[in-house]
Amino acid sequence: SWARVYLFHMIGSSFHAAIFSSMIFSVLVLLCFLPGGEGTKHQLSVVDETRRYIILSSFGLAPGGSIIVQLSNVVFKRPIDAAGLTIHHGVEAAIEYTLDVEETCVFDELGNDDPFVARIPFNIEDDKHFAGFGKPSYAFPNVYLNVSSKNNGSSSELHITPSSAFTGDVYTIVFRVCPHGTPLYNIQIHMVEVNPGPDYLGLGLRELPIVYASTAALFGLVALAWGPYLYKLHYVMLALVLFKALSSTFHAVDYFYIGKHGSADAGFAITYYVINFARGMLLFLTILLVGVGYGFIKRVLSTKEKQLFAIVLPLQVFSNIAMIILEESAEGSRDRSTWRAISFTIDLICCGAILFPIVWSIDHLQKASEIDGKAAISLQKLRLFRRFYILMIGYIYLTRIILYFMESTIPFRFRWLTALLTELLTLSMYLVTGAMFSPYESNQYVRLAKDDEDDEDVEQIELENIATHTAAADGMRRVQRPRIVSEGFSTTELKNDARNLQARLL
């Protein structure tokens, strides 16, 4: 297939060609997946669906807010026992309830004893024909459930409105089918969830524009404080911080627009996706370059390092594509969970892969400290890379695992804290990495790199002097040879070759 051919081309081609091809491919995909309805005005249309339940949405309802669910074009192509909607306090409660009643029908009379679940059954005629909503079996305290039908039940609405005594809560709506065997149905669902303001983000998420705008300002200040630039890698670091500041800025604008209008603006969403894609590529590129010691302990990349780059960066392209498709998929769609798993898995693979260059650098420095003439310098570099390795492990563990579980357990009113902690952890990682490899002469790593370069220059001069004097003593003409540059960790090899040559000549 074309995808397989493209993947093998990425791995087998040169380093620069792989990156360039990945960028072109990602831009084409970005143009294909334009924003189509992200926000709290949902439109879900399924055809020939076979799932027994669909989680439609989860919304933090505030006093004075409302949730409207409109159903149309409901067609059951196979006989069913029952169907309808259930309302729960959060996604976790909905999933737990689904597992508990997996072998029974939630709309049976004997199953209506759960005070934490509201059921709104469908009126089904002849086991197949939808005839509107039935009577809700239970209403939550201080919340009203009102149903209405139009056109003989072909179009029906459910209104969820709180009373004056309501203090706020999160509600998850699930569509369920109790079939005789495997269900097969078509349905169109339109939902509008809004709080006074208007606020379409809901409780627990309406703080997100402020969170991202504030962190964007912090990243901007960090970018202004960065400098001077002793190595090319320092320019890459600056670009990373700038793109992160821009990414957080447009993320804040995107959420602000969703909060005010209920759906994303196409222009802001596309701009955010493009900038966030560039930010993600720069993040992994920077970590890989720092991990291999590019510009500090070596000047060129080895073959295996180039191959690693050519694998990780295209994988990041696919991870960003999966993220875009995920965010632009309608809630409740079949592909949404698939793309979420793909994005999460690829991201974890990339996070694991970027640790290999750091391990290679640590192993190289350990060997250099044993056989090198400058053991003290190698040991200091070794300690620095070990700290950088621990930093990366902690960052990956916290942002990819701990915050993932925290998001599912934190109270709904404080869901914005997950985004804030993610941004602050990212900022902390940038600051610590910048402090370790900052472009100032007083920095320990830069000073070590400078000392190493000076020592190599001195050894090179000494080697040339020895060769010149020896050639003159033998009455031979000295021929200028081209300088050989190794692709790997060449420092130790050059020193050993120099000492062996000196021993033979003397």
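How many salt bridges does the structure hold? Five, and some of them get a closer look below. Keep in mind that this is a predicted model.

1. Glu423 and Lys244. Start with the pair formed by Glu423 and Lys244, whose closest N and O atoms are 3.0 Å apart. Glu423 belongs to helix H11 (residues 416-436) and Lys244 to helix H5, so this salt bridge ties together parts that are 179 residues apart in sequence. Neither end shows much to solvent: Glu423 is buried at 6% relative accessible area, and Lys244 is buried too, at 7%.

2. Asp347 and Arg400. Another salt bridge links Asp347 to Arg400, with 2.6 Å between the closest N and O atoms. Here helix H8 (residues 334-353) supplies Asp347 and helix H10 (residues 375-409) supplies Arg400, so the pair ties together parts that are 53 residues apart in sequence. Are these two residues buried or exposed? Asp347 has a relative accessibility of 14% and counts as buried; Arg400, at 15%, also counts as buried. If you want to check these calls, the cut-off for buried is under 20%.

3. The network around Glu49. Which residues are joined into one network by salt bridges that share partners? They are Glu49, Arg51 and Arg334. For the contact between Glu49 and Arg51, the closest N and O atoms are 3.1 Å apart. Glu49 itself is buried, with a relative accessibility of 4%. Arg51 also turns up in a C-alpha pair with Val177: the two are 126 residues apart in sequence but 8.1 Å apart in space. Val177 sits in strand S9 (residues 169-179) and is buried, at 5% relative accessible area.

4. Helix H11. Back to the helix that carries Glu423. H11 has 21 residues and spans 31 Å from its first C-alpha to its last, close to the 30 Å expected at 1.5 Å a residue. Its buried residues include Ala419, Glu423, Thr426, Leu427 and Tyr430. As background for reading such a list, an α-helix has 3.6 residues a turn, so residues three or four places apart point the same way. Also among the buried residues of H11 are Thr418, Met429, Thr433, Gly434 and Met436.

5. A nonpolar patch on H8 and H10. Have a look at the surface around Phe344, Leu348, Tyr397, Leu398, Ile401, Ile402, Tyr404 and Phe405: these form a nonpolar patch with about 700 Å² of accessible area together. H8 and H10 are the elements that give two or more residues to the patch. Which of the elements gives the most? That is H10, with six residues. One of the patch members, Ile401, is in helix H10 and counts as partly exposed at 31% relative accessibility. Patch members need over 30%, so Ile401 with its 31% qualifies. H8 and H10 are also the helices bridged by Asp347 and Arg400.

6. A negative patch. Which residues form the negative surface patch? Asp81, Asp108, Glu125, Asp126 and Asp127 do. Asp108 is in the loop between helix H3 (91-100) and strand S5 (118-125), and with a relative accessible area of 39% it is partly exposed.

7. Leu242 on helix H5. Helix H5 (residues 232-261) holds Leu242, which is partly exposed at 41% relative accessibility. Computed along the chain, Leu242 and Ala223 are 19 residues apart, while their C-alpha atoms are 6.1 Å apart in space.

8. Backbone oddities. Most residues other than glycine have a negative phi, and most peptide bonds are trans. Three places here go the other way. The peptide bond from Gly197 to Pro198 is cis, with omega near 0°; Pro198 is in the loop between strand S10 (185-194) and helix H4 (208-225). Asn73 has a phi near 50°, a positive value in a residue other than glycine. Asn73 is placed in strand S3 (residues 66-76) and is partly exposed, at 48% relative accessible area. Asn142 is not a glycine either, yet its phi is positive, about 65°. The loop between strand S6 (129-133) and strand S7 (143-150) contains Asn142, which is partly exposed with a relative accessible area of 37%.

Terms used. Residues are numbered from 1 along each chain as its sequence is written. This is a predicted model: local features need pLDDT of at least 70, side-chain atom pairs count only at pLDDT 80 or more; totals for chains, interfaces and linings use all residues. Side-chain values use heavy atoms; hydrogens and water are left out. Patches are made of residues with over 30% relative accessible area and no salt bridge: like charges are joined within 9 Å, nonpolar side chains (Val, Leu, Ile, Met, Phe, Trp, Tyr) within 5 Å. Accessible areas come from the Shrake-Rupley method with a 1.4 Å probe; for residues, only the protein chains shown count as cover. A salt bridge is a side-chain nitrogen of Lys or Arg within 4 Å of a carboxyl oxygen of Asp or Glu. Lys and Arg count as positive and Asp and Glu as negative; His and the chain ends are not counted. The place of a charge is taken as NZ of Lys, CZ of Arg, CG of Asp or CD of Glu. Helices (H or I, at least four residues) and strands (E, at least two) are DSSP runs, numbered from the N terminus. Buried means under 20% relative accessible area, exposed over 50%, partly exposed in between (1.4 Å probe, protein chains only). The expected span of a helix is 1.5 Å times one less than its number of residues.
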